[in-house]
Each structure stands twice: as structure tokens, then as C-alpha cells.
Amino acid sequence: MFTIDGHTHWRRDPGFVSVRFISRTRTGTVDREELFKRPDVQARYFDPDGSKMIAMMDEVGVDMAQTCPVDYGLALGESDMDMWEINACYPELMARWPGRFIYHAGVDPRREYAARLFEKALVEWGARGLKLMPAAGFLPNDPICYPLYDLAVKWDVPVLFHAGPNPLMKSRMGHPFYFDDLASDYPDLKIILGHVAGDWWRDAKLVIRTKRNCYGEIAGWQRRHQEDPAQFFKDLGELRDGVGADHIMYGTDAPAVAGIPLKPFADALRNLPTEAAKYGVTFTVEETEQIMGLNMARLCGITVPSSAR
């Protein structure tokens, strides 16, 4: 089954990220050198040539992965590299592993160069979308974002948002109801609510059900599946009943969600008709194919190989 992980983050080296993001703390002194040389940090976060990502994808059975930088700088402190430099690394990743990655540009819309960077990413770097992190300090319906949305509509590419609570930054900024305003202002913009807003997923369901240019991507839900499979399948069934399988996408947020194996989650979703039926929830093979890759391929303009159909 053709599979796209709709939400991953490749980070080449420590220059890509804020110390506060890696340390997961907003206060206190952090020894940068000690933090970045820790074996667990090196193993989890940094991947100089993308080979760790490819190995993970091959193990899980993922054909392609959407991957993107996230601009935390204005909220958590700047990384060593600026967002121009970070985004410019992604064409090299795609060239090294042709056909395996879908690049979404990432930049905070409050940066004066944000629209110029996104346009360059679309024109020269092969971007197929944009990733935004409202919890860093802006609302998704703030007009400061509109030049980016204008470009996304012009190029017919989606915008993937972190939606829902965030442990380090301003969760309120990612509440689903702000996306309702955005979807009303930009009815032609393809809006993806990452994580389906996490614990606010039922609010996200209401927005996606009424604003059909919105979609839900289930990165992070592997924790739900691991902790309570019965409830996971019931919730996924409720989400499908509310918005339709054509508005749900598989994703993981890898490698950010630590300690949870990715393969059991992917295998359970790939076998959704059988696995969900154990808990009284019905899914069809067609719905499963949509969730696992066809929906993301459609939104990003990816041609699915005939051999995978």
C-alpha cells in the first residue's frame, strides 16, 4: 500500500535547532556543548545525510515522507543557522534520496523575509508546501501570515500547521477555531491541521467538517494507539464519520515522538479494516489507502506510481 508519512522533521545537525527545543525547558542554564554531544540527542535528532530517516522509512514501510524545518527562533531562541540556510539544505536531501521526500518550507511569518523565502523555496528548492508553528507566537488567522497564504494558493500547495497544545509555547495560538476563521478568509487554501489538534481533536473535527478546505493529519496519535488501541480505533472511526476518510492523513512527527515504535502504528493503520474490526469499528480498504498516502499525494501534487495503486 502506497504510504506517505505526512509529518516528519529532518535535522541535519545542531545548527538546525534551538537549545531550548532540545532541552525541552524555557528556564535555567543549558550547557549547549554538553547537550548536543549526548548520545541520545545525537541519535534522536541529528541525521547528517538523511540515512537515518531512510532507514526508519524502510523499516516502517513508508514510500515517501513529508519533511520540513520548524521556525522556533522567535519563541525559544535562534539556532546557529538562520532559516534561509536551514531551508536551503533540503534540496540536497531530496537530491540524495530521489523520490523519497516531500519538502515543505518552514519560516515564521513575522520575519520580514518570510514571503521571499517561501517563494524561493517554491521556485528554486522544490517545496510542495509550507509548515507553520502558531504556538511560537502568532495566530493562523493573523493578516501577517496572508502573504504566505497568497503564495500557497497561487502555487496550489498545502499549509501544514502545528495545531493543538504545545508543551513549550503558546498552545492557545493553535486552537482549531482560529483555523475556521482562516478557512473562511481563504476558501481555496489547503489547510492541514497537524496532530488533528491533539487533545482538541473533536474541536478540529467540527472545523474540518464545516470547512472542507481543512484536513486532519494524525501525527502523535501513535501514543493513543500504544496506550489504548480500543479507544484509538473508536476515536479514529468517530473522526472518519465526522470529516470523511478523504480528509484524514497518516503522519508521525518522527523522530520527535520518542519511545514509541513507529512500525506497530503503521502496520495497524495499513491493516485498518481488520484491526479496527476487533473493536467494532468498520473501515474499508479504499478509506485505508486514502489515509495512508493518497490524500497527502493529492494535496501535494504527487503522482502515485502505477505499481503502488
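## Briefing: a sheet, a pocket and some unusual backbone

The side chain of Gln66 puts a polar atom 3.0 Å from the backbone oxygen of Gly6. That's a handy way into this predicted model, since Gln66 belongs to strand S2, residues 64-67, and S2 is part of an open sheet of 3 strands. From there we move on to the helices, the largest pocket and a few backbone oddities.

**Gln66 and its surroundings**

- Gln66 has a relative accessibility of 0%, so it counts as buried.
- Setting aside residues up to four places away in sequence, Gln66 touches Ile4, Asp5, Gly6, His7, Thr8, Ile102, His104 and Leu160.
- Gly6 therefore turns up twice: it is on that contact list, and its backbone oxygen is the atom that lies 3.0 Å from the polar side-chain atom of Gln66.

**The open sheet**

- The strand order is S1-S2-S3, and the pairing is parallel.
- Which strands stand at the edges? They are S1 (4-8) and S3 (101-103); each has a single partner strand, so one side of each has no neighbour in the sheet.
- On average, neighbouring strands here are turned by 20 degrees against each other, ignoring direction.
- S1 and S2 run parallel and are joined by 3 bridges; one pairing to look at is Ile4 with its bridge partner Met64 in S2.
- Helix H16 (residues 285-300) packs on this sheet and touches S1 and S3, with its direction at about 70 degrees to that of S1.

**Strands S5 and S6**

- S5 (130-132) and S6 (159-162) also pair in the parallel sense, over 3 bridges.
- Lys131 has Leu160 in S6 as its bridge partner; Leu160 is also among the residues that Gln66 touches.
- In a regular strand, side chains alternate between the two faces of the sheet.
- S6 is covered on both faces: Val159 and Phe161 are buried on one side, Leu160 and His162 on the other.

**How the helices pack**

- Helix H9 (residues 146-155) has Tyr146, Leu148, Tyr149, Leu151 and Ala152 as its buried residues.
- What do those buried residues of H9 pack against? Their partners are helix H8 (114-123), strand S5, strand S6 and helix H10 (176-185).
- Helix H14 (262-270) buries Leu262, Phe265, Ala266, Ala268, Leu269 and Arg270.
- The buried residues of H14 pack against helix H4 (51-60), H12, helix H13 (229-243), helix H15 (272-277) and H16; H16 is the helix that packs on the open sheet.
- Over in helix H11 (residues 201-210) sits Val207, which is buried at a relative accessible area of 2%.
- Beyond its neighbours within four places in sequence, Val207 is in contact with Pro176, Phe177, Phe179, Asp180 and Cys214.
- Val207 and Ala183 are 24 residues apart along the chain, with 8.9 Å between their C-alpha atoms.

**The largest pocket**

- Rolling a probe the size of a water molecule over the atoms shows where empty space is left.
- The largest pocket holds about 710 Å³ of space.
- Its lining comprises 33 residues; His162, Pro165, His195, Asp253 and Val257 lie nearest the centre.
- Helix H3 (39-45) and helix H12 (222-227) are the elements that give two or more residues to the lining.
- Of the elements, H12 gives the most, with 3 residues.
- His162 links this pocket with strand S6: it is one of the residues nearest the pocket centre and one of the buried residues of S6.

**Backbone oddities**

- Most residues other than glycine have a negative phi, and most peptide bonds are trans.
- His195 isn't a glycine, yet it has a positive phi of about 65 degrees.
- His195 sits in the loop between strand S7 (191-194) and H11, and it is buried, with a relative accessible area of 10%.
- Asp156 is another non-glycine residue with a positive phi, near 55 degrees; it comes just after H9, in the loop between H9 and S6.
- Where is Pro255 found? Pro255 is in the loop between strand S9 (248-249) and helix H14.
- The peptide bond joining Ala254 and Pro255 is cis, with omega at about 0 degrees.

Key. Residues numbered from 1 in each chain as written. Predicted model: local features only at pLDDT ≥ 70, side-chain atom pairs only at ≥ 80, totals over all residues. Heavy atoms only, no water. Helix = DSSP H or I, 4+ residues; strand = E, 2+ residues; numbered from the N terminus. Buried < 20%, exposed > 50% of the residue type's maximum accessible area, 1.4 Å probe, protein only. Polar contact = N/O pair within 3.5 Å; in protein donor to acceptor, adjacent residues only side chain to side chain. Contact = heavy atoms within 4.5 Å. Pairing = 2+ DSSP bridges. Axes fitted to C-alpha atoms, helices over the stretch in contact; angles between N-to-C directions. 1 Å grid on protein atoms, 1.4 Å probe; cavity = no way out; pocket = protein on both sides within 12 Å on 5 of 7 lines; lining within 4 Å. Points joined across faces, edges and corners; volume = space filled by probe spheres on them.
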